[in-house]
Each structure stands twice: as structure tokens, then as C-alpha cells.
Amino acid sequence: MGATAGDGVIEFIGQVAAWLTDPATWSGSNGLGVRLWEHLWISGVSLVAAVAIGLPVGLSIGHTGRGAGAVVAIANIGRAVPSLGLLGIAFLLLLPVGLGVGPVPGILALVALGIPPIIVNTFVGLREVDPDLVEAARGMGMRESEVLRRVEVPIALPVILAGVRTSAVQIVATATLVAVVGGGTLGQVIIAGFNTGDDVRIFGSALLVALLSMGTEVLFAALQRAATSPGLRRTARPPEPGGVMDVQPAD
């Protein structure tokens, strides 16, 4: 019985591999090639927008402390909203102006999903900078913008980049849901598999999404390490449920 089940699993994996390596699977307007490109550009645009919004906000409240409680609370509330709920809200907001179907509501939802970890990590990273270093910089005559740029950001960079990494992985993984509003992505292939009862297509597409998410994690981890000065690198533990990277100085 066990051997039969094992043979079935092996056969299924073989079918998935054959499907993924078949050139016909990647060709055409509905092929994996087009859907993968949609997944990548929607994720990329969403991440750039999330960084463009979240980073300045995090830097501002982290440096000045003004409005920090309210902004961080709102960010954490945003993290608690389910991804599908954000997509539904974006769909309803854009439907009256004719943009409810397609990639736009998906991008809006992904941006909203990606902003909170960037704001929270940037804020925490700056607040963890030694106050004595900040006061010393001010004592040397640095302007506030110089203190932020030359002292606080370099020291907080590992934590800030950890927030961007978390945001990137969440966006890439969740971009699959954009297919629900007709925005394409690899989720479109998964939906087609459900509609036709094609388990091979469902599993193969889900596997690609998982590999893409893991690849994003590895890529941004490498970028985080490369962008951080050797003298400021930290030994980091996995993120806490709140999404903030807990860091300790390296030995």
C-alpha cells in the first residue's frame, strides 16, 4: 500500500516536472512566461511605491519622534488586515472610476501591505541609535538632516533593510491574489487549474510562487549584507510576530 502511494507521488512529481519543462507551458498569451512577467512587474512597482511612501514616513517619525505612536499604531493595524480584505477594499474604491478590474487594485493593495514593515523597522532602527552619538553629532555642529543622513541612517541600515526585505517577500507571495480581480500574475494559472481540476497546473504554479518568494528572500538578504558597512553588521534573529527585526551587535 505504501509503495503504491509512493509510486503515485513520484508519478505526480514527474507530471509536474514535465509540465514545467514543456515549452508550450511557457508560450502564448496565457503561458507561464507572461504570467511570471506580470507577477514580477506588479510586485516590483508595488515594492518601489511602498518604499517611496514608507521610508520617508519612518525616517521622519524615527528622527523626530513626533506622531510616532499614532503612525506605528496605524501601521500595525494595517498589518492585521487580511491581504484579501485589502484587495477587496481597493476593488470597491476603484470600481466607481472604472479601475476595479485589472492590476491597479492589486497594486494598491500590495502597496498597503508593504508599507507597515518598512515604517515600523525604519522607526525602530532609528530609535535604537545610541542617543549619545546623536548628541555628539549635534555638538559638532551638524544640522538635523546631516545627523539623520550621516549618523542615524548608517547605524540603523540593517534594521531598515530588514523591513524592506520583509515587505518584498510579503508582496511577492501575496501578488498571487491579484488574479482574483483579473490582474494576471501566477495566480491566474492557479485559478485556471482550479476551474479545470488540473492538479498538476495548480501545484506547479504554486511551486513557482514559493520559489519566487524564497528567491526574493535570498536576494534581499544578500543586498542587505552588501549594503551594510562591515563595521555596522549585526547578528540578527528572525523577525518577531510584530515584524520588527531584533538585532544584537556581532561579537
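Let me begin with one residue, I190, which is found in helix α9. What I am showing is a predicted model, and I would like to use this residue as a way into it. Is I190 buried or exposed? With a relative accessible area of 14%, I190 falls under the 20% limit and therefore counts as buried. If we set aside the residues up to four places away in sequence, I190 touches T176, I202, S205 and A206. For a sense of distance, I190 can be set against G54, which is 136 residues away in sequence, and the C-alpha atoms of the two are 31 Å apart.

With that residue in mind, let me step back to the whole chain. The protein has 10 helices and two strands, and if you follow the order from the N terminus, the ten α elements come before the two β elements. The C-alpha trace spans about 70 × 50 × 30 Å along its principal axes. There are 251 residues in the protein, and 40% of them count as buried. Where do the contacts come from, if we look at those with a separation of 6 or more? In the protein, 70% of these contacts are accounted for by residues 24 or more positions apart. As for the outside, the accessible surface of the protein comes to about 12,900 Å², and carbon and sulfur atoms hold 68% of that area.

Just before helix α9 there is a residue that deserves a pause, namely T185, whose place is in the loop between α8, residues 144-174, and α9, residues 186-196. T185 is not a glycine, and yet its phi is positive, at about 70°. As background, most residues other than glycine have a negative phi. T185 is also buried, because its relative accessible area is 0%.

Now to the charges, which I will take pair by pair. The protein carries 14 positive and 17 negative side chains, and the centres of these two sets lie 10 Å apart. How many salt bridges does the model hold? The count comes to five, and I will go through some of them.

The pair I take up here is in helix α3, which covers residues 32-64, where R35 and E38 sit three residues apart, or about one turn of the helix. Their side chains meet in a salt bridge, with 2.9 Å from N to O, and both R35 and E38 are buried.

A similar spacing appears in helix α7, residues 131-139, where E135 and R138 are also three residues apart, about one turn of the helix. Here too the side chains meet in a salt bridge, at 2.9 Å from N to O. R138 has a relative accessibility of 32% and so counts as partly exposed, and E135, at 47%, counts as partly exposed as well. This pair does not stand alone, since E135, R138 and E144 are linked in a network of salt bridges.

Let me turn next to E146, whose place is in helix α8. E146 forms a salt bridge with R143, and the closest N and O atoms of this pair are 3.9 Å apart, which is within the 4 Å limit and therefore still qualifies. How do the two partners sit with respect to the surface? E146 is buried, with a relative accessible area of 15%, whereas R143 is exposed, with a relative accessible area of 56%. Leaving aside its neighbours within four places in sequence, E146 is in contact with G141 and V151.

One more glutamate is worth locating, and that is E128, in the loop between α6, residues 103-127, and α7. E128 is partly exposed, with a relative accessible area of 44%. Forty residues along the chain from E128 is A168, and the C-alpha atoms of the two are separated by 23 Å.

Finally, let us return to helix α3, this time for its nonpolar side chains. Which residues form a nonpolar patch on the surface? They are W37, L40, W41 and V45, which together have about 400 Å² of accessible area. One of them, W37, lies in helix α3, and W37 is exposed, because its relative accessible area of 57% is over the 50% limit. In sequence W37 stands between R35 and E38, so helix α3 brings us back to the buried salt-bridge pair described earlier.

Technical notes. Residues numbered from 1 in each chain as written. Predicted model: local features only at pLDDT ≥ 70, side-chain atom pairs only at ≥ 80, totals over all residues. Heavy atoms only, no water. Helix = DSSP H or I, 4+ residues; strand = E, 2+ residues; numbered from the N terminus. Buried < 20%, exposed > 50% of the residue type's maximum accessible area, 1.4 Å probe, protein only. Contact = heavy atoms within 4.5 Å. Areas by Shrake-Rupley, 256 points an atom, 1.4 Å probe, with all protein chains shown as cover. Lys, Arg positive; Asp, Glu negative; His and termini not counted. Charge placed at Lys NZ, Arg CZ, Asp CG, Glu CD. Patch = residues over 30% accessible without salt bridge, like charges linked within 9 Å, V, L, I, M, F, W, Y side chains within 5 Å.
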